[in-house]
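Trainee: Could you take me closely through one part of this model, the nonpolar interior, and then work outwards from there to whatever surrounds it? I would like a single connected account that I can follow with the structure open beside me.

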Amino acid sequence: MTVNMTPQKVLPRKIWEGPALLGESPLWDYRTKFLYWVDIENCKLYRQKEDGSDYSSIDLPAPAGSIALWHDGGLVAALGQGLFHIEPEQSLVTAIASELSGADCLMNDGKADRSGNFVFGAKHLKESDPVAGCWRYQSGHITPLEQKFIVFNGPAFSPEGDRIYFADSPSQRIMTASYNPKDGMITEPEVFVQLSGKDGYPDGMTVDSEGCLWNAQWDGWAITRYRPDGTIDQKIDMPVQRPTSLCFGGEDLKTLFVTSASTRLSPQELVENPDAGALFKLDLHVAGLPEKTIIN
């Protein structure tokens, strides 16, 4: 797969003021042309058209860490300690499996793999112990994948669907493993990228049509595009300290939407980045890949 080796100067544009406390899981719905995202700590689901029109929000019964497209409309959400179906038009939330993780954990990042399975993980509430799990929802069945994370973030999948990327964020590592939709990870995870110091912590991620990984870097003031060999292709400065996640969308899938957080920032840090918690868009030279719907 050819990777464009000429980075483009990109300027983030704010498209929603917020502020979200913990904006996460932006998701482009190609069926309705809506962009969805959540505010975990405010228990909110938001949506709007790319131009900002048709904006709306609904309250959720618990914090939602991530969302994906459901096969017959609506969304699936890793929410609270379980997995739920959301019908945004009716503000209806229905449990699929309400108690997957222990009370000391909360659902966090997740994404559809290339075959329409939902891979999602949790985080330890005190962010101190590696006890949070990761699961795969596949055709009505939920299978544990790993049970040893402090904070599970990502995941993302190669264009062919044969490789998974994810992060246990406190270690500042992005990991990768061979993957197939039937068995999940089929090799032992290995380090794809080791961040350090001012790089921040790897948070949400997505893969573009050229097979490069885009990662939002919490406390790093940046998002970074990595080539398939783990080297940096492009780093884009963000006007916020805590970008949290990103997705491709728009008619040509060349718009990158980026969420951010304002939670747990000191008064001085809030002065230094007044746009914390806003939603941004970036116009890119490379397209993303359409999200798969989750198969029941």
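Mentor: Start at Val 76 which, leaving aside its neighbours within four places in sequence, is in contact with Ser 66, Ile 67, Ala 68, Trp 70, Leu 83, Phe 84, His 85, Ile 96, Phe 118 and Ile 294. Please keep in mind throughout that this is a predicted model, and that everything I describe is computed from it.

Val 76 belongs to the largest nonpolar core, which has 26 residues, and it is listed with Phe 118, Phe 120, Tyr 137, Ile 164, Phe 166 and Ile 294 as having the most contacts inside that core. The elements that give two or more residues to this core are β6 (64-70), β7 (75-79), β10 (105-112), β11 (118-124), β12 (132-138), β14, β15 and β16. Apart from this core lies another, of 20 residues, among them Tyr 36, Leu 69, Leu 75 and Leu 79. As background, in soluble globular proteins nonpolar side chains tend to be buried together.

From the core, move next to β14 and β15, where a few details of the backbone deserve attention. Pro 155 is placed in strand β14, and the peptide bond that leads to Pro 155 from Gly 154 is cis, with omega near -20°. In the loop between β14 (152-157) and β15 (163-168) you will find Ser 158, which counts as buried because its relative accessible area, 7%, falls under the 20% limit. If its neighbours within four places in sequence are left aside, Ser 158 is in contact with Arg 114, Arg 163, Tyr 165 and Val 207. Another cis peptide bond joins Gly 18 and Pro 19, with omega of about 5°, and there Pro 19 lies in a loop, the one between β1 (13-16) and β2 (23-29).

Phe 166, which you met among the core residues with the most contacts, also leads to a pocket. It lines the second largest pocket together with Glu 146, Lys 148, Phe 149, Asp 168, Ser 171, Arg 173, Met 175, Glu 188 and Pro 189. Two or more residues of that lining come from each of β13 (141-149), β15 and β16 (173-180), and β13 gives the most, with three residues. The lining divides into four nonpolar, one polar and five charged residues, around a space of about 190 Å³.

The largest pocket holds about 270 Å³ of space. Its lining consists of 15 residues, of which Glu 127, Val 151, Asn 153, Trp 218 and Arg 264 lie nearest its centre, and by class it has seven nonpolar, three polar and five charged residues. Strand β19 (residues 201-207) supplies the largest share of this lining, three residues. Glu 127 repays a closer look: it lies in the loop between β11 and β12, it is partly exposed, with a relative accessible area of 39%, and its phi is near 50°, a positive value in a residue other than glycine. Leu 253 likewise has a positive phi, of about 60°, although it is not a glycine; its place is in the loop between β23 (243-249) and β24 (255-260), and it is buried, with a relative accessible area of 15%.

Finally, follow the charged side chains beyond β19. Side chains of opposite charge can pair when their charged atoms come close. Asp 208 forms a salt bridge with Arg 225, the closest N and O atoms being 2.8 Å apart. Asp 208 lies in the loop between β19 and β20 (213-218), whereas Arg 225 lies in strand β21 (residues 222-226), so the pair ties together parts that are 17 residues apart in sequence. Arg 225 is buried, with a relative accessible area of 0%, and it also forms a salt bridge with Asp 233, with 2.9 Å between the closest N and O atoms. Asp 233 in turn meets Arg 227 in a salt bridge at 3.7 Å, N to O, and both Asp 233 and Arg 227 are buried. Salt bridges that share partners thus join Asp 208, Glu 210, Arg 225, Arg 227 and Asp 233 into one network.

Conventions. Residues numbered from 1 in each chain as written. Predicted model: local features only at pLDDT ≥ 70, side-chain atom pairs only at ≥ 80, totals over all residues. Heavy atoms only, no water. Helix = DSSP H or I, 4+ residues; strand = E, 2+ residues; numbered from the N terminus. Buried < 20%, exposed > 50% of the residue type's maximum accessible area, 1.4 Å probe, protein only. Contact = heavy atoms within 4.5 Å. 1 Å grid on protein atoms, 1.4 Å probe; cavity = no way out; pocket = protein on both sides within 12 Å on 5 of 7 lines; lining within 4 Å. Points joined across faces, edges and corners; volume = space filled by probe spheres on them. Nonpolar A, V, L, I, M, F, W, Y, C, P; charged D, E, K, R; others polar. Salt bridge = Lys/Arg side-chain N within 4 Å of Asp/Glu carboxyl O. Core = buried A, V, L, I, M, F, W, Y, C linked by side-chain atoms within 4.5 Å.
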